[in-house]
Structure formats: structure tokens, C-alpha cells
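Trainee: I am new to this model. Please take one part of the chain, look at it closely, and then follow its links to other parts.

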Amino acid sequence: RLERQQLTAIRSRATHPAITYYQAAEHGSQHLAPSYIEFLTPLEGRAKPSPLAIAPGIVAQRLRYLDLSFQQPRTVSLANVPWFADIGVPTVRIPSPASYLLAKSLTYPDRKPHHKDKDCAYIYLLARITQPTWTSVRQDLDDLDTPPKWRSRAYAQLRDLFVRESGEGPIRAARSLASPEHSELLIRATVRRFLIALGIETPT
């Protein structure tokens, strides 16, 4: 079905078996475009993070903590998003802000440096976008069914990144966003208020 919608498959050269990506055919099949489709599947237990064939011709990347994204999913309309409506995809399910935040913080230590920059930017943008609903995000966070050690580890990581004076979160986020609008000072202040609203950080 993806190939019928003028998408082309790309096989990763860095993994075995090769992870499968799909992108608009106009971008070719040699290099990943800025936007692409990737298949993910949970990595459980002590298994190594090797790719897994999930269907004929499709190999997915296995990620730890991905199951958090299956809790509290949100349905978003794509009716006004170019291309998606054209191929008959009216809605998509995405993780709740709470589960997304927890998963990003838990996977952070194992991420590559350029991915860490993006993840710090995503956490900051999440704080900005959800600011009118921080109370609801806190309730969702409290309701997540997660092992206490996961929650403790995630909260400690967030405080270390954005609350500790020498935390690298604001530096990485500002570098990724590369805009005067998003200064390190603003990023730190915004995420700290976010963490206070969620009960992760204590007001001083």
C-alpha cells in the first residue's frame, strides 16, 4: 500500500537486517529525506536492540520503553495535512504528552549526540505547546502505569538536564532549534516551570 502511494523504500546500510524506511518517491532511494516513515516495535527484557522483521519486506527498529507510547494514545485529525488526506489517512494515533515526555527522558542516555540535541528541543517544545493544559498533563503522568524505578529515573534525568545549573538540556535544545527566539535562558525557565507544574521539580 505504501508503494502504491508513491512512496519508495530505503534499506539501512548500518544495521543487519536492514531497517526499512519509506519516503516520497521524489526524494529517491539513496538518502533519507527530511521526512520519512519508520517502523518501530518494542524492545523488551534484556534483548539486544537489533532490528526485527515484522512483515514480508519490512524490518522495524526495536526501542526500549516504546510500550509507554501505547498508553493514553491521542487521535489527531490529518484532514488538513497535505498528502495524508490524499492517500486516505484521516487520523493518526500519537502518544500523550505525558508518555512522550517519560519515554524521551528514559531513552536519553543511550541516544547519539545529535539525537540528544533534538530530544532536548522536543522536550522544550512540548512544554511550550502544552502550557495551557499542564494540569491535565500532570494528571496523565500520575495515571501512567509504569514501574516506580522508570519514573524515578526519568524524573532524575529531566532535573539533571534542565534544572541543574550545569545541565546540558538548554544548550542542546538551543543548538538544535538555532533561533534567537529560543535562548538557553528561556528554554531553561520554560522547562523548569513545566517540571514544577508536573510535580517533578520543587519550587524554590
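Mentor: What follows starts with one sheet and moves on to the aromatic pairs, a hairpin and the helices.

This is a predicted model, in which local features need pLDDT of at least 70 and side-chain atom pairs count only at pLDDT 80 or more, while totals for chains, interfaces and linings use all residues. Residues are numbered from 1 along each chain as its sequence is written, and side-chain values use heavy atoms, with hydrogens and water left out.

The sheet is open and has three strands in the order 1-2-3, with antiparallel pairing. Strands, like helices, are DSSP runs numbered from the N terminus (E, at least two residues, for strands; H or I, at least four, for helices), and two strands pair if DSSP finds at least two bridges between them. Strand 1 (7-11) and strand 3 are at the edges with a single partner strand each, so one side of each has no neighbour in the sheet. Five antiparallel bridges join strand 1 to strand 2, and L7 has A24 of strand 2 as its bridge partner.

Between strand 1 and strand 2 runs a loop that contains S12. With a relative accessibility of 14%, S12 counts as buried (under 20% relative accessible area, against over 50% for exposed and partly exposed in between, with a 1.4 Å probe and protein chains only). Apart from neighbours within four places in sequence, S12 is in contact with A18, I19 and Y21, where contact means heavy atoms within 4.5 Å. S183 is 171 residues from S12 in sequence, and their C-alpha atoms are 35 Å apart in space.

Strand 2 also leads to the aromatic pairs, of which the structure holds four. Rings of Phe, Tyr and Trp (its six-membered ring) pair if their centres lie within 6.5 Å; planes under 30 degrees apart are stacked, over 60 edge-to-face, and the rest tilted. Y22 and F39 form an edge-to-face pair, 6.2 Å centre to centre with 80° between the planes. Y22 is in strand 2 (residues 20-24) and F39 in the loop between strand 3 (37-38) and strand 4 (40-42), so this pair ties together parts 17 residues apart in sequence. Y22 is buried, at 7% relative accessibility.

Y65 and W150 are also an edge-to-face pair, with ring centres 4.8 Å apart and planes at 85°. Y65 sits in the loop between strand 6 (58-63) and strand 7 (74-77), and W150 in helix 4 (residues 148-162), so the pair ties together parts 85 residues apart in sequence. Both Y65 and W150 are buried.

Strand 6 takes part in a hairpin with strand 5, with two residues between them, and G57 in the turn has a positive phi of about 85°. Strand 5 (residues 52-55) pairs with strand 6 in the antiparallel sense over three bridges, and L52 stands opposite A60 in strand 6.

Helix 4 leads on to helix 2, since helix 4 is among the elements that cover the buried residues of helix 2, which also include helix 1 (97-107), helix 3 (134-143), helix 5 (169-177) and helix 6 (184-197). The buried residues of helix 2 include K116, D117, C120, I123 and L126.
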